[in-house]
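Let's take a walk through this model together, one residue and one contact at a time. Please keep the viewer open as you read.

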Amino acid sequence: MAGTKYKKIYLESLGCAKNQVDSEILLSYAIERGYEVVSDPEKASVIVVNSCGFIEDAKKESIDTVLSLRKLYPHAYIVLAGCLSERYMDDMDFPEADAFFGNHDLSQFSQILEKAEEGEKTFLHPAYPLSKYAERDDRKVLLSYKGSAYLKISEGCNHRCAYCAIPIIRGELRSRPEELVIREAKRLVDSGIYEINIVAQDLAAYMSDEKKTGAFVSLMDKLSSIDGDFVLRMLYIHPDMFPHDLLPLMKERKKILPYFDIPFQHVDPKVLRPMGRVGNEEVYLALIEKIRKELPESVIRSTLMLGFPGEDEESFEMLEDFVKRAELDWMGSFLYSREEDTPAFSMRGKREHDKAHKRAKEYQERISRLQDEISARRVRNFVGKEYRALVEEKIEGDEKLYFGRIYSEAPEVDGVTVIVGGDLEAGDVVTVRITKAMGFDLEGVVV
């Protein structure tokens with residue numbers, strides 16, 4: 001168990017980028033309490049698994065991670081934190097973890113560390129903080145590659161999509177005050193961050209909890225007016241909420257990357273309506289066309305869901321048609337997970353769900369092969385052109401090869417650019433000329 005003379009902490013951050021921000025905040029509180037953050041769990045007295053509880057696969061990964069860490073590091077005090085702990089704390093029977101911590105008020109993490117130092121097991125399920133959004137804006141550690149950071153502008157969600165457990169886990173939408181977001185962005189820029197990735201459950205819903213319209217575009221206007229050499233990348237905009245007045249601002253403000261993450265999920269109304277969404281194939285294609293007309297350099301990523309109740313072969317063929325016509329730059333997909341306490345849970349029973357799940361796996365394989373061909377073709381459009389690239393890390397075994405990313409590549413989820421250059425370091429920003437495409441990846445020479 002942990003002791004006051006052995007204050008070293010290791011954190012495994014699972015799930016989404018928003019969870020990563022939470023992980024960075026937890027580590028910041030640990031540092032203030034005198035802990036050293038270590039990259040080797042063997043050296044840690046406290047190990048934190050900041051879990052995901054969104055879908056079944058994510059829940060399993062979180063549990064398996066704790067089991068593995070317990071087996072490998074029996075000496076450590078293990079904390080199961082985050083979404084899985086928040087969602088199921090009242091029903092937890094998991095002796096492999098020493099402590100359970102929710103995600104509603106991260107400022108109370110110090111209480112968990114106090115219990116760790118005393119060697120006591122504990123459950124801590126804090127309520128929301130008294131202020132509407134009280135998270136700190138002075139993270140002392142970032143878990144991204146050097147030069148890149150995530151900036152969360154809101155917490156929770158009010159959309160109530162029928163399949164989604166996020167409102168159960170994260171609660172209702174709580175937008176961060178604009179002045180706090182801008183202050184944190186300035187701190188990131190002043191600390192040398194080049195790429196600020198703006199994240200939320202839905203960026204377009206920013207300040208809708210305060211009944212304010214146009215707040216997200218106004219925020220992007222102010223963020224892009226901050227002095228300094230940096231760029232802004234927007235991650236996740238609900239297609240039914242897309243703010244069209246964002247496009248003329250992006251034409252004017254080159255700091256806002258022409259990169260759009262728009263999770264369409266599906267295009268057949270008989271699937272979308274039970275989901276709680278209002279779009280269709282033609283509406284979504286029109287949105288894509290408008291974005292590309294206004295901003296020809298745009299890169300569009302989306303996520304599709306296979307296997308939701310109501311999907312059949314006709315629905316899937318409609319989705320295939322959409323993928324062919326949309327020519328998305330990047331696309332990910334996942335299988336519908338039947339989550340208890342969500343409206344969609346009762347739409348069909350387990351036996352019917354298992355049958356649909358098997359069919360959806362086949363759909364996923366088919367549509368992934370189709371999208372792979374499209375993505376590989378679209379990345380070739382970058383060959384012969386010059387772009388600024390953020391260097392992430394050196395490629396082992398070669399003194400002049402580095403992994404990096406240009407504007408078309410979001411961290412972790414898209415392809416990368418192999419940079420051929422001189423003496424570069426992680427966090428450097430260089431101009432590269434793209435010389436070739438390699439599958440989903442690019443190769444560029446420093447100019």
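At 5% relative accessibility, Gln-265 counts as buried, a label that stands for under 20% relative accessible area, with exposed meaning over 50% and partly exposed the range in between (1.4 Å probe, protein chains only). You will find Gln-265 in the loop between strand E12 (259–261) and helix H9 (269–275); here helices (H or I, at least four residues) and strands (E, at least two) are DSSP runs, numbered from the N terminus. The backbone of Gln-265 deserves a look too, since phi is near 70°, a positive value in a residue other than glycine. Most residues other than glycine have a negative phi. Glu-327 also has a positive phi, of about 50°, although it is not a glycine.

Before going on, a word on the ground rules. This is a predicted model, in which local features need pLDDT of at least 70 and side-chain atom pairs count only at pLDDT 80 or more, while totals for chains, interfaces and linings use all residues. Residues are numbered from 1 along each chain as its sequence is written, and side-chain values use heavy atoms, with hydrogens and water left out.

Now let's turn to charge pairs. Side chains of opposite charge can pair when their charged atoms come close. A salt bridge is a side-chain nitrogen of Lys or Arg within 4 Å of a carboxyl oxygen of Asp or Glu, and a search of the whole structure finds 40 of them. One joins Arg-378 and Glu-327, with 3.8 Å from N to O. Arg-378 sits in helix H12 (residues 350–379) and Glu-327 in the loop between helix H11 (313–326) and strand E14 (330–335), so this contact ties together parts that are 51 residues apart in sequence. Arg-378 is buried, at 17% relative accessibility. Follow the shared partners outwards and you meet one network of salt bridges, made up of Arg-292, Glu-327, Asp-329, Arg-377 and Arg-378.

Helix H2 offers two further examples. Within this helix (residues 56–72), Lys-60 and Asp-64 lie 4 residues apart, about one turn of the helix, and their side chains meet in a salt bridge of 2.7 Å, N to O. Lys-60 is exposed, with a relative accessible area of 52%, whereas Asp-64 is partly exposed at 33%. What about Arg-70, and which residue forms a salt bridge with it? The partner is Asp-98, and the closest N and O atoms are 2.6 Å apart. This pair links distant parts of the chain, 28 residues apart: Arg-70 belongs to helix H2, and Asp-98 to the loop between helix H3 (83–88) and strand E5 (99–101). Are Asp-98 and Arg-70 buried or exposed? Both are buried.

Strand E5 also holds Phe-100, which is buried at 3% relative accessibility. From Phe-100 to Tyr-10 the distance is 16 Å, C-alpha to C-alpha, with their positions 90 residues apart in sequence.

Aromatic rings come next. A pair of aromatic rings is described by the distance of the centres and the angle of the planes. Rings of Phe, Tyr and Trp (its six-membered ring) pair if their centres lie within 6.5 Å; planes under 30 degrees apart count as stacked, over 60 as edge-to-face and the rest as tilted. The whole structure has 12 aromatic pairs. In one of them, the rings of Phe-316 and Tyr-363 have centres 4.2 Å apart and planes at 5°, so the pair is stacked. Phe-316 is in helix H11 and Tyr-363 in helix H12, so the contact ties together parts 47 residues apart in sequence. Both residues, Phe-316 and Tyr-363, are buried. Elsewhere, Tyr-163, Phe-308 and Tyr-336 form one aromatic cluster.

Let's finish with some acidic residues. Glu-282 lies in helix H10 (residues 281–294) and is partly exposed at 46% relative accessibility; its C-alpha is 8.5 Å from that of Val-267, 15 residues away in sequence. Asp-245, in the loop between strand E11 (231–235) and helix H8 (246–252), is partly exposed as well, with a relative accessible area of 44%.
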